[in-house]
Amino acid sequence: QLQLVESGGGSVQAGGSLRLSCAASGYTVQSRCMGWFRQPPGKEREGVAAITTDTGSRYYADSVKGRFTISRDNIKNLVWLQIDSLQPEDTAMYYCAAKPGIRCGGFDWKSGVHFGYWGQGTQVNVAS
């Protein structure tokens with residue numbers, strides 16, 4: 001069973017930065033799509049970034065391009081989301097998700113519906 005644990009959230013001032021971490025454990029496959037999603041208060045979940053673990057190919061939602069950077073360490077089974085120039089609208093619960101055995105470019109990763117494994121989330125609060 002693949003397990004995901006997020007960390008790194010917190011409360012920051014606008015303009016600051018955070019690096020969120022997602023640690024994967026349990027059964028893993030060499031190739032999988034790892035995604036970061038967020039759900040602001042009272043709003044629907046949205047996909048913000050994804051990475052294919054074997055190729056390193058990265059994908060971003062248009063709304064976060066230039067400020068969010070996804071990366072991974074396959075040896076340590078870690079995926080990070082670097083968020084720069086944080087804005088109050090970035091306030092949300094951030095979730096890590098995994099879909100083993102497929103590259104992110106092969107399906108609609110943004111919707112999140114195809115991911116079978118999810119972490120518990122880490123909260124990000126940005127004050128203006």
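**Note on the disulfides and nonpolar cores**

1. Taking the bonded cysteines of the protein in sequence order, the pairing runs 1-3, 2-4. The model is a predicted one, and the structure holds 2 disulfides.

2. One disulfide is formed by Cys22 and Cys96, whose sulfur atoms lie 2.0 Å apart; with -70 degrees about the S-S bond, this link is left-handed. The pair connects distant parts of the chain, since Cys22 belongs to strand β3 and Cys96 to strand β9, 74 residues apart. Cys22 counts as buried because its relative accessibility is 1%, and Cys96, with a relative accessible area of 0%, is buried as well.

3. Another disulfide joins Cys33 to Cys104, with an S to S distance of 2.1 Å, and here the value of 105 degrees about the S-S bond makes the link right-handed. Because Cys33 lies in strand β4 and Cys104 in the loop between β9 and β10 (117-118), the pair ties together parts that are 71 residues apart in sequence. Both Cys33 and Cys104 are buried.

4. Turning to the nonpolar cores, the largest has 27 residues, and those with the most contacts inside it are Leu4, Met34, Trp36, Phe68, Ile70, Leu81 and Tyr94. The elements that give two or more residues to this core are β3 (18-25), β4 (32-39), β5 (46-52), β7 (68-73), β8 (78-83), β9 (92-100) and β11 (122-127).

5. A second, separate core of 8 residues includes Cys33, together with Phe37, Phe107 and Trp109. Cys33 is thus a member of this core and also a partner in the disulfide with Cys104.

Technical notes:
Residues are numbered from 1 along each chain as its sequence is written. This is a predicted model: local features need pLDDT of at least 70, side-chain atom pairs count only at pLDDT 80 or more; totals for chains, interfaces and linings use all residues. Side-chain values use heavy atoms; hydrogens and water are left out. A nonpolar core is a set of buried Ala, Val, Leu, Ile, Met, Phe, Trp, Tyr and Cys residues joined through side-chain atoms within 4.5 Å. Buried means under 20% relative accessible area, exposed over 50%, partly exposed in between (1.4 Å probe, protein chains only). Helices (H or I, at least four residues) and strands (E, at least two) are DSSP runs, numbered from the N terminus. A disulfide is a pair of cysteine sulfur atoms within 2.5 Å.
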